[in-house]
Every structure is written in C-alpha cells, then in structure tokens.
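Biologist: I would like a close look at a single part of this model, taken slowly and with the reasoning spelled out. Please go through it in one connected answer.

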Number of protein chains: 2
Amino acid sequence: MRGVTCLAISGGVGGAKLALGLATYLEPPELAIAANIGDDFEHLGLTICPDIDTLTYTLSGLSNEQTGWGRAGETATFMRALEGLGGETWFHLGDGDLALHVARSQRLRAGETLSGITADICQKLGIKARILPASDDEVRTIVQTTTGPLALQHYFVRDQCAPTVTGFHYEGADTARVNGEILEILSAPSLRAVIICPSNPYISIDPILAMPELKQALKECPAPVIAVSPIVGGEALKGPTAKMMQELGATVSAETVAGRYRDLIDGFILDPTDTSLEPSIRAMDTQTLLTPSVMRSLDDKVKLAQAAFEFAVSLS
Amino acid sequence: MRGVTCLAISGGVGGAKLALGLATYLEPPELAIAANIGDDFEHLGLTICPDIDTLTYTLSGLSNEQTGWGRAGETATFMRALEGLGGETWFHLGDGDLALHVARSQRLRAGETLSGITADICQKLGIKARILPASDDEVRTIVQTTTGPLALQHYFVRDQCAPTVTGFHYEGADTARVNGEILEILSAPSLRAVIICPSNPYISIDPILAMPELKQALKECPAPVIAVSPIVGGEALKGPTAKMMQELGATVSAETVAGRYRDLIDGFILDPTDTSLEPSIRAMDTQTLLTPSVMRSLDDKVKLAQAAFEFAVSLS
C-alpha cells in the first residue's frame, strides 16, 4: 500500500504493545500490522478473533491495561446470565467486548470479509494504522499435546496451557489466500522495515508464516526484516512461550527464537540482559541490536519501536 | 400433555401478567402457555423472541418490573460499545438479556428446535409451567401501514407505532406446523380451561390463531375457551391496541375484542368499568364475567387468574 513504511507482524498482547509503540512513533498511516488469525475460533455461535481484537483495543485506547486483553470499563452481566442458562462459560466475554463479536459475526455471515470488517471497525474507533488479518480464509492453530490435539483456545484458555505440548499444526495455512494488502505492502517501494513483534513464535507468528505465499513474499521483500525477542533472560515476557519451548526440548532463550526466524530475518533485537547470546546469533548471519525490550510504560513501547524501526532501516 | 389443566394463549407483557397469576394460582405443572412467535425476528444475527422471553423472565422472577420487558438488574455496556462500532442500536438489548439471545441463536443454528430450547431454558430457570412456542416454524407478523408493510419490530420499536395501520399479515402462518404439545393439550381430557390472555388481539393473539390447524383445534377443544379483555374503559391496558383499533375503523372497546373471538370463545371477561357492554357481548352467544382486570400487584394477577379459571370451568 502506498505510504506504508513499516509492516509489523504480530500476535496479541506482547505484539500489540510494540504495535502501539510503532503507531505512536511513526506517522500512523505509515504503519500496517499483519495480524495472527490462528487464534480465531467459533464460540457461542460467534466468530472471535482474539489477536485482532487485542490489537484493535490497544491501538484505539480502549484496552484493559490490567489484563492486557479485552476492554477497559467492562461489565460481566452477560457471563453471569449465561451461567444461569447453563451456557459455556470457560471463555470470558465482557459485555462491551461482545459488541465487536456480535457485529463482526453478523457481517461475516452476511458475506463481508474479515479484512473489510476489521478495516471498518478500525476506522470507527479512530485507529489510523492498518490492522490486516493475515488471511480472509481460516487458519486454525492446533496444539498437539501428549493428551491429543487441542484447538488453540481450548489449550490456552479452557485448559490454561496445562497439557504438555508436542507440536503445532496450522490447519488451513497451506491453502489460505494471504491478505492481498499484506502482499502489496511487502513489495511496495515505500516499505522500509518489517518487524516481527515479540509475540509467541509458535502460536502467534508461525500461523502467519505457515502460509507459503506469505513466507515467500517475506523472503523476497526488499525491505529489511527484523525480529524482537519475546524471551528475555531466559523467560517469556508473557504467556506460555517458555513452557512450550521447554516441552519441545529447546533451550528457553532468545537464541532459540532467532534460530526459528533465521532464514527470514536480517536483524534480531535482544535485551541487554541477553548480551552473552549476541555472538551465537551473529553466527547465524543475523545482525543484532541490544536494547531494552521489556515494555511497561508507553514510553518503553515508543523507545523500543523507534529503536527497532531505525535498526531495520540501518540494515537496508 | 398429561396433567395440564389450563392452556393460556399469550403474547408478551399483558399476557405474561395473567400467566404469572395462573402459574401462582394453579399447581405449576398444570399450566401451559401457547406463546406468540409473530414478534420473533433476526437482529444482529441473533434470533430474538420477545414474547417468549417476556414470559420466561416474568415466570422466573427475573423480569424488570419497571419496563415490563427485559431483565431486572441489567447493564447496557453492550449497547454503548455497539454504538461506538456504528452498529444498529434501535432495538435495545441488555447485557444479561443478550445471553438468552446468543445461547438460543447458537442452538437454533445447531439444529435444535425453538420449543426444545425454550423448554430447556425454562427448566434451567426453574419455571415449572410449560412455555410452548406456537410453532417451531416461522410465523412473522407484518404490519400493513399507509406507508407500506413493516416487520413487527420495525413498526413497534424502531418506528414506535407511529405509522397508521391498515391491516396485518401473518407470514408463514398458513403452512407453519403447530407445536405438537399444544395440539395434544387441546385434546387431552385433563384440560379444563383455555384462556386467551389480555394481549393485543392483532399482534399477539391473531398470529397464533392464524395457523389454521391451531384454530381448528381450539374450536374442537372439549374444554371451555374464554378470553380476557385487553381493553378496559375504552383504553388499552398496554401498548398500541387502542391506536390500532381506531386506525382500523373499529370502536375501541372490549366489545370489539369479544367480536373478534366470537367463533372461538364460550366466555369473556370484562372489567366492571365496562358493565354497559355486557348485554351486547352476551348477544354474541358468549357468557360474561365482570371482574377487575387491571393487574398491578401479584395479588391482582392471582385474583384475576383464579376468577378466569373458575369462570371457564363453570362453563363446561
């Protein structure tokens, strides 16, 4: 797309933090975000897109800062009433959040595309960055565990990441058509940086990269591609990344993340805590930048965003 | 159904008051209620059944006594969020109320019947009377107006009953299969009374009577059939009944209501305010009972329920 200088590739909470930093640092129309759809699922007859929604709420200022997901100022009347009716209550849906799921589900059933609906909702909520679902087709992350395969949200929310992970499958990724806007952006001369956000590589980034056409476009992209480590000091900044790595027999470290992306990235951002890993990552033929990667305040987010963007640009 | 001694035929608010009286007066499993489905509609991708829901909330003690519809203790976070997304807000859905619509819509899409879902919800909410949707097929009330035909909720809620009514059409009534339980009850020897509740004849009762099989079953029913006037002293107890009558060129009076039901009913209940109408109603070959018909307290409801049931039984 004309004017987009930065494409972020992001999952939910962790990625959304850096996306907010980028949206604040860059002129907003310069930022596009390829969003994970592997978490999306059907629940109570509604299509729920947790990562798109976290990005939407974060970038519109509606997000709940405490939880990192959902909306601020929520009420829970729906869930209480649903419980009274004997409904499924393992996935919490706030009353305000529900508006997004109901409106989107209705529009999807009426034949609109997920990308079209997302663009419209972003516009309604005053978001100037473009949130681009990785595909308008379905890609569904299946978590393979020692007790059998689980739909992502069953693993993640219902079973609270308790089962032991043995692998992942991205159902539909082989045949899903990549969002055309993402492909356009990746080949546009205005693009100066592609940033893989500090999201969970297995369940946030890989479902996107599992689409062969998208992975190929990333490889061919003239702009530098960098990644920001979601593992700092051997611990995951958020969620089950470390636990998954361990169960898969990998070392819980930023190096493992860099290794997964090595055929795609030109640069990798490490927290200064992980200085000792720099030589082995450089040995992967990947440039490195050491910069604080734990984002607490908005200032942290903007600083990391600026550092990441400038680092990427410096690699071109 | 074995054990049902009273079948009420009811719409929403007005009918639900008498239904609550009957459920309190009778041993609960003795009461069944044939509920209007002509108000049902699809909104935001959800199937909404206003009359069934009003009956459900009223009989479970969850209803909002102030409005007469919806649940007590509601929040409105969903509607506010929906407005922010540019969604349709003309039909108010409380956060708790939404649970019923979402759960039911999901189950309908999964192939369950409206009657099965309604029975299950009643059971979950501790309702012992049987709420029986008039049909599991669709019947949709269309209000014919001087500005064209309108779906019932568009006329009723969106346009606030402003258009001038010229007639009604009950789409699907000709072919809808009547709820089998209602037909069973109407021919069961245990049945002692059929009570047409003080609901709007045009939009609450006629959509039910418009099903030829149901009307025939009512005519053949061995138990007495009575009706309670929704018009008292020339005014509607609730809603647009009087306005509709006027626009259709009829006198706004209990006599007009009795006239509409004359080929079905054995008896008609009038408020003492309308004593002067008694002779002309009796002239329709219909027995009459004068008893207070305005239900404010629960006591009013139970008293009218008792009077109605005993009056009907006395006609057998």
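Biologist: What should the 13 residues of helix α1 of chain A span at 1.5 Å a residue, and how far apart are its end C-alpha atoms?

Modeller: Bearing in mind that this is a predicted model, helix α1 of chain A covers residues 13-25, and at 1.5 Å a residue its 13 residues should span 18 Å, a figure reached by multiplying 1.5 Å by one less than the number of residues. The end C-alpha atoms of α1(A) are 19 Å apart, which agrees with that expectation. As to its surroundings, 12 of the 13 residues of α1(A) are buried, so the helix is largely enclosed by the rest of the structure; the cut-off behind this statement is that a residue is buried if 20 or more other C-beta atoms lie within 10 Å of its own. Among the buried residues are Val13(A), Gly14(A), Gly15(A) and Ala16(A), and the list also includes Lys17(A) and Tyr25(A). The buried residues of α1(A) pack against the strands β1 (6-10), β2 (31-35) and β10 (225-228) of chain A, and also against the helices α2 (50-60), α8 (201-209) and α13 (298-314) of chain A.

For a contrast in chain B, Gly61(B) lies in the loop between α2 (50-60) and α3 of that chain, and with 11 C-beta neighbours inside 10 Å it counts as exposed. Where the two chains meet, 26 residues of chain B are in contact with 26 residues of chain A, and α4(B) supplies the largest share of the side of chain B that touches chain A, namely 10 residues.

Notes: Residues numbered from 1 in each chain as written. Chains lettered and ligands numbered in written order. Predicted model: local features only at pLDDT ≥ 70, side-chain atom pairs only at ≥ 80, totals over all residues. Contact = placed C-beta atoms within 7 Å. Helix = DSSP H or I, 4+ residues; strand = E, 2+ residues; numbered from the N terminus.
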